[in-house]
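Here is a short round of questions and answers for a first look at a protein model. Keep the structure open as you read.

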Amino acid sequence: MNSLRSPADEAEARAIQDELRTRVVLDEPGPPPGTGLVTGVDVAYDDERDVVAAAAVVLDAATLTVVEEATAVGRVAFPYVPGLLAFRELPTVLAALESLSADPGLVVCDGYGQAHPRRFGLASHLGVVTGLATIGVAKNPFTFTYEQPGPRRGAESPLLAGTGEEVGRALRTQDGVKPVFVSVGHRVSLDNACAHTLRLAPDFRLPESTRAADTLCRRALRDAIGAGFGTTT
């Protein structure tokens with residue numbers, strides 16, 4: 001399913017990003033919103049024990065009911081470096097995805113795709129190594145700027161790099177609530193990424209896919225630590 005490469009250091013990690021980002025597909029619309037399956041992925045850490053837990057939760061895109069879920073727990077294999085977080089998270093995220101029997105459909109990451117200093121955040125990296133359609137929906141704008149979108153649900157504004165390049169959008173998913181920050185990962189258009197995000201967030205600021213994966217990965221981490229994972233004797 002994937003061809004993930006593990007870097008030895010920061011320089012090699014950046015070189016891998018530079019190579020793989022040339023494979024990002026930005027000219028496909030992606031699946032129509034509200035059709036097929038949508039999978040949310042998220043991770044939780046125990047930094048003291050260097051343990052990471054990942055969750056993948058598959059939803060029916062039309063009804064938002066859970067179809068399947070999977071978790072994986074592993075050791076953190078790369079240090080914390082801003083812009084290189086995918087190398088910490090991807091091995092365990094991939095293990096969770098590979099445990100699914102269902103096709104993930106569109107994958108929604110709690111993070112960034114093109115809205116990344118090297119235009120290769122977790123959502124783009126995950127898409128390239130798996131071939132899946134991916135988007136990123138983040139809680140903050142990272143290093144980018146935006147004008148506040150209108151106050152009503154569905155309002156949006158460009159998320160801009162210093163050069164003026166649009167790397168994503170600030171999207172208001174609920175009236176009067178802070179926007180989320182949507183970016184393309186792989187094989188989805190930005191318009192479609194925003195449309196998917198709105199459909200996935202009928203009641204709350206964050207997509208139901210992200211909310212479900214967040215709850216599940218936190219539970220998986222608690223269970224793993226409670227069972228002694230990461231404890232040395």
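Q: Leaving aside its neighbours within four places in sequence, which residues is Q17 in contact with?
A: This is a predicted model. Neighbours within four places in sequence are left aside here. The residues in contact with Q17 are then G83, L84, F87, H116, R118 and F120.

Q: Is Q17 buried or exposed?
A: Q17 has its place in helix α1. Its relative accessible area is 1%. Buried means under 20%, so Q17 is buried.

Q: Which element gives the most residues to the largest nonpolar core?
A: The largest nonpolar core has 33 residues, and V41, V93, L97, C109 and L126 touch the most other members. Elements that give two or more residues to this core include α1, β1, α2 and α3. With seven residues, the element that gives the most is α2.

Q: How many residues are in the second, separate core?
A: Nonpolar side chains tend to be buried together in soluble globular proteins. Here a second core stands separate from the largest one, and A55, V57, A61 and L190 are among its members. Its count of residues is 31.

Q: How many of the residues of α3 are buried?
A: The buried residues of α3 include L122, H125, L126 and T130. They pack against α1, β1, α2, β4, β5 and β8. The helix is mostly covered, and its buried residues number nine of nine.

Q: Which residue follows α3?
A: Look just past the end of the helix. The residue there has a positive phi, near 85°. It is G131.

Q: Why does the pair of Y112 and F142 tie together parts that are apart in sequence, and how many residues apart are they?
A: The two rings are stacked, with 4.9 Å centre to centre and 25° between the planes. Y112 lies in the loop between β4 and α3, whereas F142 lies in the loop between β5 and β6. The pair therefore ties together parts whose separation in sequence is 30 residues.

Q: Is F142 buried or partly exposed?
A: Y112 is buried, at 15% relative accessible area. F142 has 32% relative accessibility. Buried needs a value under 20% and exposed one over 50%, so F142 counts as partly exposed.

Q: Which residues do ring pairs link into a cluster?
A: Y112 and F142 form a stacked pair. F142 and F144 form an edge-to-face pair, 6.3 Å centre to centre with 80° between the planes. Ring pairs thus link into a cluster Y112, F142 and F144.

Methods. Residues are numbered from 1 along each chain as its sequence is written. This is a predicted model: local features need pLDDT of at least 70, side-chain atom pairs count only at pLDDT 80 or more; totals for chains, interfaces and linings use all residues. Side-chain values use heavy atoms; hydrogens and water are left out. A nonpolar core is a set of buried Ala, Val, Leu, Ile, Met, Phe, Trp, Tyr and Cys residues joined through side-chain atoms within 4.5 Å. Buried means under 20% relative accessible area, exposed over 50%, partly exposed in between (1.4 Å probe, protein chains only). Helices (H or I, at least four residues) and strands (E, at least two) are DSSP runs, numbered from the N terminus. Contact means heavy atoms within 4.5 Å. Rings of Phe, Tyr and Trp (its six-membered ring) pair if their centres lie within 6.5 Å; planes under 30 degrees apart count as stacked, over 60 as edge-to-face and the rest as tilted.
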